[in-house]
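Hello,

Here is the structure I promised to pass on. Please open it first, then read my notes below.

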Amino acid sequence: MTAFAQSDHSINVSYFWVTVSSLACAAYVLIPALAWSRRFLSISGVAIVFAAGSTVEVLASPDTWEGNIWKFGLAFPVSVILLALTSRLKSLVPTLLALAVIAGIAISAGDRSYFGFVAIVMIVVLMPRARRRRTPGRSILAVAGLLAAGAVVYSAGVALALAGYLGERNRIVTAAQLEASGSVLTSGRSESGAAAALFVHRPLGYGPGVLPSAADVAIGQQGLAGRGLDLTGQYVRDYLFGTGFKLHSITSDLWVNFGIPGILLALTLAVFAARSLTASASGVVSNPLIVFLSVIALWNLAFSPIGSNLYQTIFCVALLSTAALGRSARSISRSDEPDTAFGPSQLVSSAR
């Protein structure tokens with residue numbers, strides 16, 4: 001793809017090798033390493049080890065914090081460690097406390113996304129559960145329930161932010177985004193407009209390392225119109241189209257770099273995450289860590305840049321796939337990690 005695009009596009013050789021090697025390391029190093037580690041560690045054990053390493057990496061790289069160490073560094077590893085530790089307990093109370101801590105830090109750090117993640121995890125783990133094996137009908141109902149929960153969390157989150165309950169910074173940002181485009185999603189993740197316009201223009205993608213031409217930039221700007229961005233500003237000029245195509249979505253970035261195979265890879269990852277989330281919502285019991293990893297993977301595939309979130313997403317999906325391999329959600333909870341899965345009934349028993 002890069003060689004084909006070279007006839008009418010310039011190539012950033014360094015970005016080419018960074019993109020290719022990053023995906024290769026994720027596929028051929030991270031996934032096998034996680035699969036191997038599951039021979040010796042539980043799901044929560046692998047999660048804690050990975051998150052601890054991520055924490056060390058964040059603390060050693062202050063230039064990546066962008067003035068907000070929680071939002072751009074510690075949010076994921078700290079959340080994973082807290083949920084991995086509390087999910088091992090039979091009582092639901094420690095998990096609810098951990099979720100409350102994560103939500104509180106997210107509000108103080110101006111991180112609306114993690115507040116929403118906490119809300120979805122809490123909804124799933126507190127869902128009423130029938131005491132029988134998961135069926136296709138229950139899975140369909142679970143999907144409908146998850147979609148409804150997502151809509152409720154979005155609407156409630158916007159309302160709380162506008163009312164100032166999520167902090168002054170979130171109130172200002174949310175109001176500005178609604179004024180700019182009428183939607184927090186279209187304004188907050190406006191890059192999707194550029195990705196859609198570029199896909200219509202060149203559905204087969206471009207190739208790793210390919211630099212946007214003037215025509216590509218113009219098409220991307222058309223897709224961004226009406227989404228609250230300065231079309232000639234530094235973000236659009238230098239970030240989105242400066243050193244390559246950076247569309248702030250793993251799915252979009254996989255497409256622009258690897259074409260249709262990239263989309264198929266993103267869909268495969270999304271299917272694993274969605275199945276795990278559905279199993280957690282429709283099963284007899286639910287593991288909050290599994291729910292959290294599923295939500296993070298789906299969010300990153302849709303809205304997070306590949307450069308800073310690829311390994312995190314591959315980790316989530318790889319761990320979810322090893323958890324689900326050859327087992328139903330119920331058998332995972334009872335045979336693989338008997339002390340990590342629970343439902344709302346444990347909250348009652350712990351209160352006694």
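Which helix holds both Tyr235 and Tyr239, and how many residues apart are they? Both lie in helix α12, which covers residues 234-240. They are 4 residues apart, about one turn of the helix. Their ring centres sit 5.1 Å apart, with the planes at 15°. Planes under 30 degrees apart count as stacked, so this pair is stacked. Tyr235 is partly exposed, at 32% relative accessible area. Tyr239 is also partly exposed, at 28%.

Before going further, please note that this is a predicted model. The mean pLDDT of the protein chain is 85. Of its residues, 88% reach 70 or more. One stretch needs care: over residues 326-352 the pLDDT is below 50. That stretch still has 61 contacts in the model beyond near neighbours in sequence. Where pLDDT is low, the predicted coordinates should not be read in detail.

Back to the rings. The structure holds 15 aromatic pairs. Another of them joins Phe117 and Trp299, with centres 5.5 Å apart. Their planes stand at 75°. The cut-off for edge-to-face is over 60 degrees, so this pair is edge-to-face. Phe117 belongs to helix α6 (residues 112-125), and Trp299 to helix α14 (residues 288-303). The pair therefore ties together parts that are 182 residues apart in sequence. Phe117 counts as buried, because its relative accessibility is 5%. Trp299 is partly exposed, with a relative accessible area of 22%.

Phe117 and Trp299 also belong to a cluster linked by ring pairs. Its other members are Phe50, Trp70, Phe76, Tyr114, Phe292, Phe303 and Phe315.

Now the cysteines. The disulfide count comes to 0. Cys25 is partly exposed, with a relative accessible area of 34%. Cys316 is buried, at 0%.

Last, the empty space. The structure holds 1 cavity of 30 Å³ or more. About 30 Å³ of space lies in the largest cavity. Which residues line the largest cavity? The lining is made up of Tyr15, Gly207, Gly209, Val210, Phe245, Val256 and Asn257.

Best wishes

Key. Residues numbered from 1 in each chain as written. Predicted model: local features only at pLDDT ≥ 70, side-chain atom pairs only at ≥ 80, totals over all residues. Heavy atoms only, no water. Disulfide = S-S within 2.5 Å. Buried < 20%, exposed > 50% of the residue type's maximum accessible area, 1.4 Å probe, protein only. Phe/Tyr/Trp six-rings, centres within 6.5 Å; stacked < 30°, edge-to-face > 60°. Helix = DSSP H or I, 4+ residues; strand = E, 2+ residues; numbered from the N terminus. pLDDT = per-residue confidence, 0-100. Contact = heavy atoms within 4.5 Å. 1 Å grid on protein atoms, 1.4 Å probe; cavity = no way out; pocket = protein on both sides within 12 Å on 5 of 7 lines; lining within 4 Å. Points joined across faces, edges and corners; volume = space filled by probe spheres on them.
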